[in-house]
Amino acid sequence: MKLDNARVLTFRHPNMGEVVAITNGGESIDDARYLVSLGRQPNEDWETQTLRAVIGYMAEDNRRLRKQVSRLTQEGGCKIKAV
């Protein structure tokens, strides 16, 4: 499925732990097209554990970049649109 305006959201779920949701531009978890729990299960194979780790790193990087965009737009010297 192609997402025209993909947006990555992260949140903590009481039963699933850290969860990454991908929406098609929505701001709410209810709009999620994909949900991935980053919590590790004891019976996962190596490939699944690697995939979860990569998604976790990408979610971390996404948070860092959002903070940087927010900081730059608040300074007023940068004319980029905050997403």
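Begin by selecting helix 1, residues 46-75, which lies across strand 1, strand 2 and strand 3 and runs at about 110° to strand 1. Helices (H or I, at least four residues) and strands (E, at least two) are DSSP runs numbered from the N terminus. Axes are lines fitted to C-alpha atoms, for helices over the stretch in contact, and angles run from 0 to 180 degrees between N-to-C directions.

The model is a predicted one, in which local features need pLDDT of at least 70, side-chain atom pairs count only at pLDDT 80 or more, and totals for chains, interfaces and linings use all residues. Residues are numbered from 1 along each chain as its sequence is written, and side-chain values use heavy atoms, with hydrogens and water left out.

**The whole chain**

Next, colour the protein by pLDDT, the predictor's confidence in each residue, from 0 to 100. The average is 78, and 87% of the residues score at least 70. Helix 1 has the highest confidence, at 84, and strand 3 the lowest, at a mean of 78. Where pLDDT is low, the predicted coordinates should not be read in detail.

In a cartoon view, one helix and three strands make up the secondary structure, and the elements follow the order β-β-β-α from the N terminus. A surface view shows an exposed area of about 6,400 Å², of which carbon and sulfur atoms supply 53%; the areas come from the Shrake-Rupley method with a 1.4 Å probe, and for residues only the protein chains shown count as cover. Of the 83 residues, 20% count as buried. Buried means under 20% relative accessible area, exposed means over 50%, and partly exposed lies in between (1.4 Å probe, protein chains only).

**The sheet**

Now select the three strands, which form an open sheet of order 1-2-3 with antiparallel pairing. Strand 1 and strand 3 are the edge strands, each pairing on one side only. On average, neighbouring strands of this sheet are turned by 25° against each other, direction ignored. Two strands pair if DSSP finds at least two bridges between them; seven bridges join strand 1 to strand 2. A hairpin of three residues connects strand 1 to strand 2.

**F11**

Select F11, in strand 1, and look across to strand 2, where V19 stands opposite F11. F11 is partly exposed because its relative accessibility is 22%. Beyond residues up to four places away in sequence, F11 touches G17, E18, V19, A21, I29 and L35; contact means heavy atoms within 4.5 Å. For a distance check, draw a line between the C-alpha atoms of F11 and A21: these residues are ten apart along the chain, and the separation is 8.1 Å.

**T10**

Move to T10, which is also placed in strand 1, residues 7-13. T10 counts as partly exposed because its relative accessible area is 27%. With neighbours within four places in sequence set aside, T10 is in contact with E18, V19, V20, A59 and R63. Show the side chains of T10 and R63, which are joined by a polar contact of 3.3 Å. A polar contact is a pair of N or O atoms within 3.5 Å; within protein, one must be able to donate a hydrogen and the other to accept it, and residues adjacent in sequence count only if both atoms are side-chain atoms. A C-alpha to C-alpha line from T10 to V36 spans 9.6 Å, across 26 residues of sequence.

**E18**

Keep R63 displayed and add E18, found in strand 2, residues 17-23. Which side chains make polar contacts with that of E18? The side chain of R12 does so at 3.3 Å, and the side chain of R63 at 3.2 Å. E18 counts as buried because its relative accessibility is 18%. Outside its neighbours within four places in sequence, E18 is in contact with T10, F11, R12, V36, S37, L38, G39 and R63.

**S37**

From E18, step to its contact S37, found in strand 3, residues 32-37. Is S37 buried or exposed? S37 counts as buried because its relative accessibility is 18%. Not counting residues up to four places away in sequence, S37 touches M16, E18, V19 and R52.

To finish, return to the full view with contacts displayed: of those between residues at least 6 apart in sequence, 15% join residues at least 24 apart.
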